Amino acid sequence: MKPPESFVRRTVRPLAAYGPPRDPAAVPLHLNESPTDLPQDLKAALAERIVRSDWSKYPIGDGARLATELANAYGVDPAGALVGNGSNELLQLTLLACIDPGDAVVVAAPSFSLYALQAAALGARVIEVPLRASDGAFRFPVDELIRTAREAGAKLVLLGSPNNPTGTTLAAADAERLAQEAPGLTGIDEAYRDFCGQDFAPLLGRAPRLVLFRTFSKALAAASLRCGALLAAPSLCAELRKVQLPYNLSAVTCLVAGALIARPDLVRERAGLVAQERERVAKALRSAGCTVHASGANFLLFEQDRRPANELHKALFARGVLIRNVSSARDLSRALRVSVGAPAANDAFLAALRAEL
Ligand SMILES: Cc1ncc(COP(=O)(O)O)c(C=O)c1O
């Protein structure tokens, strides 16, 4: 008798599950969440609307309405917007609809591990292009990405800007060149864009093979909501809608997300605080002898050679500070990633680091 797991796709069996550390910590700076919650009065007003709504009915038009609200806020064609339970779901939808087994998908290394994981699960041939330049800094090697994509006939180049875990940003002109010169789709995950003022949506009109992913989980301070958006050519979105599940977003998510997108002041406030704190933490890390990489996101990647990264990560955790150990990723053997939190959390991290270095 074959065991039940033997019926799982051959491409899925060898994969390791995606799993950020879940240990509770007094100072959690490992998931790049917003340092502050949304205002209590806004939450109370939304809760009241949720209580008054009829929970017995399917949210028939809610998702399409939210997609239109988002498209209007982002200045794109509503037919070119899809909404999902987090941007990651839309990334998976794109791969599901587009990737045949054996298709080449080009990613940067290091980058968000989910890109390669989800592509590999569908049988894609994942090709990594290193981000680390010879001077030790991280940069998107645009010419090499285009050359690699052309040589492999890649169906998709999938990048994050700012890139997780390095914080590296892609210039708009390079994003446009990539989307025009790569032979397939160019997917850019803009999860952290608010922390550096990046907006690639205006490129969509000139680069029809560009696909953008956005989220409510970071600067919008709504990671628990699980809401994200995909912006792309209307003709591509029409195909993706064919495999999207009906009523995929709950009425509650649509209601809350619609209210949040109407309040750009909430993002501005949080992004401003993070940018200020990012500079302060970076400076303090440098004074403590660390190399800190340029970041356009709400996290910093830093390297030091006084202690092995694994050991330092454990020692910080013992002091109640949880950051992300990325040292097993390509080219990151001495690196750790810390989220930029509220000032008190950042101070606690810096005090623990100084005590351990
Ligand atoms: C690169 C990247 N993309 C997207 C997300 C957020 O995904 P979601 O919108 O599904 O919460 C994260 C969260 O850590 C991330 O690091």
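**Two domains and the core between them**

In this predicted model, 34 residues of domain 1 are in contact with 34 residues of domain 2. On the side of domain 1 that touches domain 2, the elements that give two or more residues are α9 and β10, and of these α9 gives the most, with eight residues. The domain assignment places residues 4-38 together with 265-356 in domain 1, and residues 52-264 in domain 2. The centres of the two domains, taken over C-alpha atoms, are separated by 23 Å.

The protein as a whole contains 11 helices and 13 strands. Its radius of gyration is 21 Å, close to the 21 Å that the globule rule gives for 357 residues, so the protein is as compact as a globular protein of that length. The C-alpha trace spans about 55 × 55 × 55 Å along the principal axes, and 44% of the 357 residues count as buried. Among contacts with a separation of 6 or more, 72% are made by residues that stand 24 or more positions apart in the chain.

In soluble globular proteins, nonpolar side chains tend to be buried together. Here the largest nonpolar core has 101 residues, and those with the most contacts inside it are Val105, Val157 and Leu212. Because domain 1 and domain 2 both give residues to this core, it lies between them. When residues up to four places away in sequence are not counted, Val105 touches Ile99, Ala119, Ala124, Val126, Ala154, Lys155, Leu156 and Leu158.

Two open sheets can be described in turn. Strands of a sheet pair through backbone hydrogen bonds, either parallel or antiparallel. One open sheet is formed by seven strands in the order β2-β8-β7-β6-β5-β3-β4, and its pairing is mixed. Its edge strands are β2 (81-84) and β4 (125-130), each of which pairs on one side only. On average, and with direction ignored, neighbouring strands of this sheet are turned by 20 degrees against each other. Within the sheet, strand β3 (residues 104-109) and strand β5 (residues 156-160) run parallel and are joined by three bridges, with Val106 standing opposite Val157 in β5. Helix α2 packs on this sheet, where it touches β2 and β8 (228-231), and the direction of α2 makes about 120 degrees with that of β2.

The other open sheet has four strands in the order β9-β10-β13-β12, and here the pairing is antiparallel. Strands β9 (291-292) and β12 (324-325) stand at the edges with a single partner strand each, so one side of each is left without a neighbour in the sheet. Strand β10 (residues 299-303) pairs with strand β13 (residues 335-339) over five bridges in the antiparallel sense, and Leu301 stands opposite Arg337 in β13. Helices lie across this sheet as well: α9 (residues 264-287) lies across β9 and β10 and runs at about 10 degrees to β10, whereas α10 (residues 309-318) lies across β12 and β13 and runs at about 30 degrees to β13.

Helix α9 also takes part in covering another helix, α8. In α8 (residues 251-261), the buried residues include Thr253, Cys254, Val256, Ala257, Leu260 and Ile261, and what covers the buried residues of α8 includes α1 (40-52) and α2 (62-74) in addition to α9.

Key: Residues are numbered from 1 along each chain as its sequence is written. This is a predicted model: local features need pLDDT of at least 70, side-chain atom pairs count only at pLDDT 80 or more; totals for chains, interfaces and linings use all residues. The radius of gyration is taken over C-alpha atoms; the globule rule is 2.2 Å times the number of residues to the power 0.38. A residue is buried if 20 or more other C-beta atoms lie within 10 Å of its own, exposed if 12 or fewer, and partly exposed in between; C-beta atoms are placed from the backbone. Two residues are in contact if their C-beta atoms, placed from the backbone, lie within 7 Å. Two strands pair if DSSP finds at least two bridges between them. Axes are lines fitted to C-alpha atoms, for helices over the stretch in contact, and angles run from 0 to 180 degrees between N-to-C directions. A nonpolar core is a set of buried Ala, Val, Leu, Ile, Met, Phe, Trp, Tyr and Cys residues joined through C-beta atoms within 7 Å. Domain bounds come from an automatic or database domain assignment.
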